[in-house]
Amino acid sequence: MTRKLVVTADDLGIGPATNEAIVDLMARGAVTSSTLMAVAPGAPDAVERVRRAGLADPRLHVTLTSARELAPWRPLAADVPTLTDPEGLFHVDLAQFETAASAAEVRREMTAQLGWMAEAGLRPAALDSHSGSLYSHRGGQLLDTALRFCAENSLGFRLPRTLPRLLDVAVRGPLRRRYDEAVATAGAYGVRLPETVIGAVLPGRLLTGYAHLRWTVLRQLRALPDGVSELIMHPAPAAAARRLDRAEGRKRMWELRLLQDPLFLRTLRSERIELVPSW
């Protein structure tokens, strides 16, 4: 059995405190990859920290909506009115985005965000979607747009080739057909996918404590299939977590703790899971 794992810290760029925590984790080998939000105000700081530490380039965390607890973000592309409110800011509500967004304007914004990274001297190996906006759009139209974009730019994409066990049982009907079609499309386009994707899937309000979060992640590690999979984390120190919803901020602090937990590290070793930087 050959099991490899990309341990990813999402949301690099969201702010200096989170940037510092993620760069420190990467420098110590606790995470092997990161994703950058090019539209966030801390993105230039993140680039500077990554460069100064001599770390691998982050992937592109395509951001098309604003965060509820933070000041709204603006798109990098000009003239993308279906992605914004009347003030030119990304919607906070994902449902508003899903209702209004056009595939052409999403593509324009993805191009602008990838271009921003290129201008900063970064060459991301893959992209994924902040808040799942590329996955949840009506009819899967944006998912196909994203896969085409990845193929044209030689990028991998965060879409599990096989669903985790619980999702595999739960995802049925039209949603399952869209998922199967997307995996097949990625294969046809030659877009690299992780074997599966795991993480602390429960929202913060449903977690009874740190031990609960750790148990959910360790259980998934032990069931990891052969191939190169991805563990998604959103680590944040207390200074950054305080700006978020209380339950979600606490969850992010727990994720930071987990990545340094001796039991987590022992489980990786005992399960003979090799950490790698990319799929």
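What share of the contacts in the protein chain with a separation of 6 or more is accounted for by residues 24 or more positions apart? In this predicted model, such residues account for 75% of those contacts. The chain is built from twelve helices and eight strands, and its C-alpha trace spans about 50 × 40 × 35 Å along the principal axes. The radius of gyration is 18 Å, which agrees with the value near 19 Å for a compact globule of 279 residues.

Of the 279 residues, 53% are buried. The surface exposed by the protein chain amounts to about 12,700 Å², of which 53% is supplied by carbon and sulfur atoms. With regard to charge, 36 positive and 31 negative side chains are present, and the centres of the two sets are 7 Å apart.

Helix α9 comprises 13 residues, from 210 to 222. From its first C-alpha to its last, the helix reaches 19 Å, close to the 18 Å expected at 1.5 Å a residue. Its buried residues are Tyr 210, Leu 213, Thr 216, Val 217, Leu 218, Gln 220 and Leu 221. An α-helix has 3.6 residues a turn, so residues three or four places apart point the same way. The cover over the buried residues of α9 is drawn from both helices and strands, including α11 (246–258) and α12 (262–270) as well as β1 (3–12), β6 (197–199), β7 (227–233) and β8 (273–275).

Strand β1, which is among the elements covering α9, also contains Asp 11. Asp 11 has a relative accessible area of 1% and is therefore buried, the cut-off being under 20%. When neighbours within four places in sequence are left aside, the contacts of Asp 11 include three histidines, His 61, His 130 and His 234. Asp 11 also contacts Arg 252, together with Thr 18, Ile 22, Thr 35 and Met 37. The C-alpha atom of Asp 11 is separated by 12 Å from that of Pro 41, a residue 30 positions away along the chain.

A further buried position is Ser 133, with a relative accessible area of 0%. Ser 133 belongs to helix α5, which covers residues 133–136. Outside its neighbours within four places in sequence, Ser 133 is in contact with Leu 64, Leu 94, Phe 97 and Leu 142. The contacts listed for Asp 11 thus include histidine and arginine residues, whereas those listed for Ser 133 are with leucine and phenylalanine residues.

Notes: Residues are numbered from 1 along each chain as its sequence is written. This is a predicted model: local features need pLDDT of at least 70, side-chain atom pairs count only at pLDDT 80 or more; totals for chains, interfaces and linings use all residues. Side-chain values use heavy atoms; hydrogens and water are left out. Helices (H or I, at least four residues) and strands (E, at least two) are DSSP runs, numbered from the N terminus. The expected span of a helix is 1.5 Å times one less than its number of residues. Buried means under 20% relative accessible area, exposed over 50%, partly exposed in between (1.4 Å probe, protein chains only). Contact means heavy atoms within 4.5 Å. The radius of gyration is taken over C-alpha atoms; the globule rule is 2.2 Å times the number of residues to the power 0.38. Accessible areas come from the Shrake-Rupley method with a 1.4 Å probe; for residues, only the protein chains shown count as cover. Lys and Arg count as positive and Asp and Glu as negative; His and the chain ends are not counted. The place of a charge is taken as NZ of Lys, CZ of Arg, CG of Asp or CD of Glu.
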